[in-house]
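Here is my note on the structure you sent over. The points run from the overall fold to the helix packing and then to the ligand.

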Amino acid sequence: MRLRALAWHGILITIQDCRLGGLNMMKTFTGLTALVLAGAVATTTLAQDDAAIKAAVDARQAHMSLFAFNIGLLGGMAKGEIDYDADAASAAAGNLAALARVDQSRYWPQGSSTLDLDAEQTAALPDIWDEGSDIGAKAMALVESTTAMEAAAGNGLDALRGAIGAVGSSCGDCHKAYRQPNN
Ligand code: HEC
């Protein structure tokens, strides 16, 4: 549990290392040709960084969509818009609990916040990467509430209804702190 929270925190890594590699190479060359060459290396590194960041943003947003799809079914049942079905509810709750436990540390590279990318690319606020960020604790809260939901969902509509509020709050608390509201 603790490790996972740390993983969310330890997100930063690798990209700077690639740039440093490029800089060291620069020192071994002299003259204009070398500078041009070094420029080319830096550009390639940047393009690779961009692709890596885009892939990570795509992955975390896709993961969020899977959360939304599964909680959508449970929420629909809780509201009485979808007929309660114990097997379907259990399956969706099991998916949510499993998804919440997936290691997401590499979804959040530094340089992928709303400060770094265009508004339509990401809603991830820079506070995620701040020193005092508690995004790991917020991710853990989702693990806890979805674990409780997994135990409850197959035990009747009342049990499902009793568990859904905490799951919704775990999503909402993190969004309130770390996701740019769309307006
Ligand atoms: C620990 C924090 C955290 C938790 C918990 C969390 N989210 Fe998110 N969610 C985010 C952040 C940050 C973004 C913005 C990601 C981005 O745009 O790069 C986001 C984005 C989303 C999106 C938009 C995805 C897209 O395509 O742009 C949806 C939908 C979503 N979350 C649903 C959920 C649901 C449902 C839950 C709970 C079951 C949940 N989230 C739990 C942090 C969280």
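1. Two residues count as in contact if their C-beta atoms, placed from the backbone, lie within 7 Å. On that basis, 68% of the contacts in the protein with a separation of 6 or more join residues 24 or more positions apart. Bear in mind that this is a predicted model.

2. The fold is helical. The protein has 6 helices and 0 strands. Read from the N terminus on, its elements run α-α-α-α-α-α. Of the 183 residues of the protein, 22% count as buried.

3. Next, one helix pair. α5 and α6 pack with their axes 9 Å apart, at an angle of about 165°. Angles over 145 degrees count as roughly antiparallel, so α5 and α6 are roughly antiparallel to each other. The crossing of α5 and α6 is left-handed. By class, the contact of α5 with α6 has 16 nonpolar residues, 4 polar and 2 charged.

4. Now the ligand. Which residues come nearest, of the 22 around the ligand? They are Gln61, Met64, Phe67, Cys171 and Cys174. Three elements give two or more residues each to this shell: α3 (31-78), α5 (135-152) and α6 (157-178). α3 gives the most, with 8 residues.

5. On the make-up of that shell: 14 residues around the ligand are nonpolar, 5 are polar and 3 are charged. Note that α5 and α6, the pair from point 3, are among the elements that give two or more residues to the shell.

How values were computed: Residues are numbered from 1 along each chain as its sequence is written. This is a predicted model: local features need pLDDT of at least 70, side-chain atom pairs count only at pLDDT 80 or more; totals for chains, interfaces and linings use all residues. A residue is near a molecule or strand if its C-beta atom, placed from the backbone, lies within 6 Å of it. Helices (H or I, at least four residues) and strands (E, at least two) are DSSP runs, numbered from the N terminus. Ala, Val, Leu, Ile, Met, Phe, Trp, Tyr, Cys and Pro count as nonpolar, Asp, Glu, Lys and Arg as charged, and the others, Gly among them, as polar. A residue is buried if 20 or more other C-beta atoms lie within 10 Å of its own, exposed if 12 or fewer, and partly exposed in between; C-beta atoms are placed from the backbone. Axes are lines fitted to C-alpha atoms, for helices over the stretch in contact, and angles run from 0 to 180 degrees between N-to-C directions. Angles under 35 degrees count as roughly parallel, over 145 as roughly antiparallel, 65 to 115 as roughly perpendicular and the rest as oblique. A crossing is left-handed if the near helix is turned anticlockwise from the far one by less than a right angle, and right-handed if clockwise.
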